[in-house]
Amino acid sequence: MRIAVFGAGYVGLVTGACLADLGHDVAVRDVVTEKIDALRQGEVPIHEEGLHELIERNRDRLTFTTEVDEAVRGAEVVYVAVGTPPTYSGDADLSAVWTVVDELPHVDHRIVIAMKSTVPVGTGRTVRHRLDDRGLANVGYVSNPEFTAEGTAVHDFMHPDRIVIGAFDEADGDVVGRLHDGIEAPVVRCDVSSAEMIKLAANAALVTRISFINEIANVCEATGADVVTVAEGIGLDRRIGPAFLRAGIGYGGSCFPKDSLALKQLAANSGYSFQLLNAVIEVNELQKRRVIGKLERRLGPLRGKRIALLGLAFKPGTDDMREAPSLVLAGRLLSEGAEVRAWDPVADGALLLHGVEVAGSALEALDGADAAVVVTEWPEVRDLDWAEAGSRMRHRLVVDGRNLLDGARLRALGFAYEGIGRPIE
Ligand SMILES: NC(=O)c1ccc[n+]([C@@H]2O[C@H](COP(=O)([O-])OP(=O)(O)OC[C@H]3O[C@@H](n4cnc5c(N)ncnc54)[C@H](O)[C@@H]3O)[C@@H](O)[C@H]2O)c1
């Protein structure tokens, strides 16, 4: 089939490349000329495992354009993968989605809009009305939410846990279903609103687990239990399962914070106070800040202390720093008067962190530091030469915000080591 994908970001590029790999002809459209120029020259503007190779392999079936007409010409399906960031009120900003809908040209064959962007429940209905108002009754609408995780997105797209297709018209849903031929996964066919809610509810369930285990970790700290052992013990219960039970300094990224806020706001706008989700969000905000207390207990007031942040991306395997805990941590440390030096193997902190010195290597970040804080569980941080690191630091103190390192080994090297929810020596 011929497909248009609107948005050459984390989701749009992976969707476009994977659909091309399944044998479809794909035109990816973005409004940012530099992105499209780079893609045409074979450069991939984001860090995502396997994406570069996939785009290279499917060059013949992939085109990149800034032109709407060129993208939509001959397309049977138009994927929407534009950003839906939060507004000040917490609602999702749908302006980019409306631009796509309003710019869609009149065509004489049937096309289907497939929504990959995460949108509030009810968006599909509003888009349907808008299309009808524009006289575009030959344009179908399907909600086909995306569940891929950055860092493993290509693999996740090709091996999903499920494919969700919510349609107003069965035939439109069938078209989007056929696009996925070659992918083995259960398909959930449903109405548009339910598909929209499946995406928001899935992310809400995941953040609830994260805040749950983080609160268990905080109670472990207060009572002397070890959250890593506790998580293993509860994860073996088949009714609970082991995933998403890693305590740490909270979730971040471009999806979890925004989608949980959007669902909370969606509920509130409909007259319902989603109390559990309110608590989940608040727990996460507090969790990011707990590192400050740990540092103060060891170092006293942080004014003038040099703190090294190891990892800036919101998780390993990506260069994405949107809503990363590192940003909140850096901001809090700076406001306490600490000097902050940070390092990440791929994320470019210089773009986002005012007042933070960005180091060229982990060891450089640790030179003369009073403490190291593990912010992102990069293998490069785990495999660092910690003996060498210790010899460079002013104080051998590690606050491990991801329970990534072997505490016993670090203590043997003379470090004071503190994880999250683990017994403190
Ligand atoms: N990032 C993820 O892992 C992930 C996973 C699941 C769902 N989502 C959802 O997918 C959507 C996209 O997320 P993302 O991370 O890829 O965002 P992104 O910011 O990386 O990419 C969005 C792209 O859309 C482009 N754009 C804006 N207006 C446009 C227009 N009118 N036409 C064409 N392109 C336009 C932007 O320039 C940008 O390149 C969001 O709704 C997000 O919540 C993201």
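Two residues are in contact here when heavy atoms of theirs lie within 4.5 Å. In this predicted model, Q265 touches S89, G90 and D91 in that sense, leaving aside residues up to four places away in sequence. Q265 itself belongs to helix α11, which spans residues 256-269. Its relative accessible area is 17%, and because buried means under 20%, Q265 is classed as buried.

The ligand provides the second point of orientation. It is surrounded by 28 residues, the closest of which are D30, K35, T84, E150 and K258. By class, this shell comprises 11 nonpolar, 9 polar and 8 charged residues. Domain 1 (2-190) and domain 2 (191-425) each contribute at least three residues to the shell. Among the helices, α1 (10-21) and α5 (95-103) each supply at least two shell residues, and α5 gives the most, with 3 residues.

Several polar contacts can be followed atom by atom. A polar side-chain atom of K35 is placed 2.5 Å from an oxygen atom of the ligand. For Y10, the partner is a polar backbone atom, which lies 3.0 Å from a ligand oxygen atom. In the side chain of E150, an N or O atom is 2.7 Å from a nitrogen atom of the ligand. On its own, the ligand has 830 Å² of accessible area, of which the protein covers 89%.

Key:
Residues numbered from 1 in each chain as written. Predicted model: local features only at pLDDT ≥ 70, side-chain atom pairs only at ≥ 80, totals over all residues. Heavy atoms only, no water. Helix = DSSP H or I, 4+ residues; strand = E, 2+ residues; numbered from the N terminus. Buried < 20%, exposed > 50% of the residue type's maximum accessible area, 1.4 Å probe, protein only. Near = heavy atom within 4 Å. Polar contact = N/O pair within 3.5 Å; in protein donor to acceptor, adjacent residues only side chain to side chain. Areas by Shrake-Rupley, 256 points an atom, 1.4 Å probe, with all protein chains shown as cover. Nonpolar A, V, L, I, M, F, W, Y, C, P; charged D, E, K, R; others polar. Domains from an automatic or database assignment.
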